[in-house]
Amino acid sequence: QVQLVESGGGSVQAGGSLRLSCAASGININYCMAWFRQAPGKEREGVASIYTVIGRTTYADSVKGRFTISRDSAKNTVYLQINSLKPEDTAMYYCAAAPSSLPCTRSSLSPAEFRYWGQGTQVTVSS
């Protein structure tokens, strides 16, 4: 049984930083892991993915250079370091897992390819 639990969200001023964590259970190193976000009234957007087996990470253009995804396999935890936060980063952030590498090979992330989801952690950025 796969469970994903996010933490680390909060309210910050523009320019600040946050580190989101996703504690995972029931997964192994062969899972593609990703972070999505969804702002009110908008579609869920994939922001970053990681496939540890081949050391591959991908990022949405809107977050490149500011977001960093990483994974501690020993702790089964995936992190999303968010720097230089902007008001438009305000959203609910979700951790997601897929039991294959395929979603992590795409140029953009599709929510439909991820089977498991966490409950989300809110990030609010004020100007």
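**Exercise 1. Identify the members of the largest nonpolar core that touch the most other members, and the strands that supply the core.**

Solution. The largest nonpolar core of this predicted model has 29 residues, and those touching the most other members are L4, M33, W35, L80 and Y93. Next, turn to the strands. At least two residues of this core come from each of strand 3 (18-25), strand 4 (32-38), strand 5 (45-51), strand 7 (67-72), strand 8 (77-82), strand 9 (91-98) and strand 11 (121-126). Finally, look for a further core. A second core, separate from this one, has nine residues, including A34, F36, A96 and L109.

**Exercise 2. Describe the secondary structure of the protein chain and decide how its radius of gyration compares with the globule rule.**

Solution. Start with the elements: eleven strands and one helix. Their order along the sequence is β-β-β-β-β-β-β-β-β-α-β-β. Then take the radius of gyration, which is 13 Å; the globule rule gives 14 Å for 127 residues, a close value, so the chain is as compact as a globular protein of that length. Along the principal axes, the C-alpha atoms fill a box of roughly 40 × 25 × 25 Å.

**Exercise 3. State what share of the protein chain is buried, what share of its contacts joins residues 24 or more positions apart, and what area it exposes.**

Solution. Of the 127 residues, 43% are buried. For the contacts, count those with a separation of 6 or more: 61% of them are between residues 24 or more positions apart. The exposed area of the chain is about 6,200 Å², of which carbon and sulfur atoms supply 47%.

**Exercise 4. Locate V53 and T52, and classify each as buried, partly exposed or exposed.**

Solution. First, place the residues. V53 is in the loop that runs between strand 5 and strand 6 (56-59), and T52 is also in the loop between strand 5 and strand 6.

Second, apply the cut-offs: buried is under 20% relative accessible area and exposed is over 50%. V53 has 43% relative accessibility and therefore counts as partly exposed. T52, with a relative accessible area of 24%, is therefore partly exposed.

Third, examine the surroundings. V53 joins I29 and I54 in a nonpolar surface patch of about 270 Å². Leaving aside residues up to four places away in sequence, T52 touches I29, R71 and S73. Between T52 and Y31, which are 21 residues apart along the chain, the C-alpha separation is 8.3 Å. I29 thus appears twice: in the patch with V53 and in contact with T52.

Terms used
Residues numbered from 1 in each chain as written. Predicted model: local features only at pLDDT ≥ 70, side-chain atom pairs only at ≥ 80, totals over all residues. Heavy atoms only, no water. Core = buried A, V, L, I, M, F, W, Y, C linked by side-chain atoms within 4.5 Å. Buried < 20%, exposed > 50% of the residue type's maximum accessible area, 1.4 Å probe, protein only. Helix = DSSP H or I, 4+ residues; strand = E, 2+ residues; numbered from the N terminus. Patch = residues over 30% accessible without salt bridge, like charges linked within 9 Å, V, L, I, M, F, W, Y side chains within 5 Å. Areas by Shrake-Rupley, 256 points an atom, 1.4 Å probe, with all protein chains shown as cover. Salt bridge = Lys/Arg side-chain N within 4 Å of Asp/Glu carboxyl O. Rg over C-alpha atoms; globule rule 2.2 N^0.38 Å. Contact = heavy atoms within 4.5 Å.
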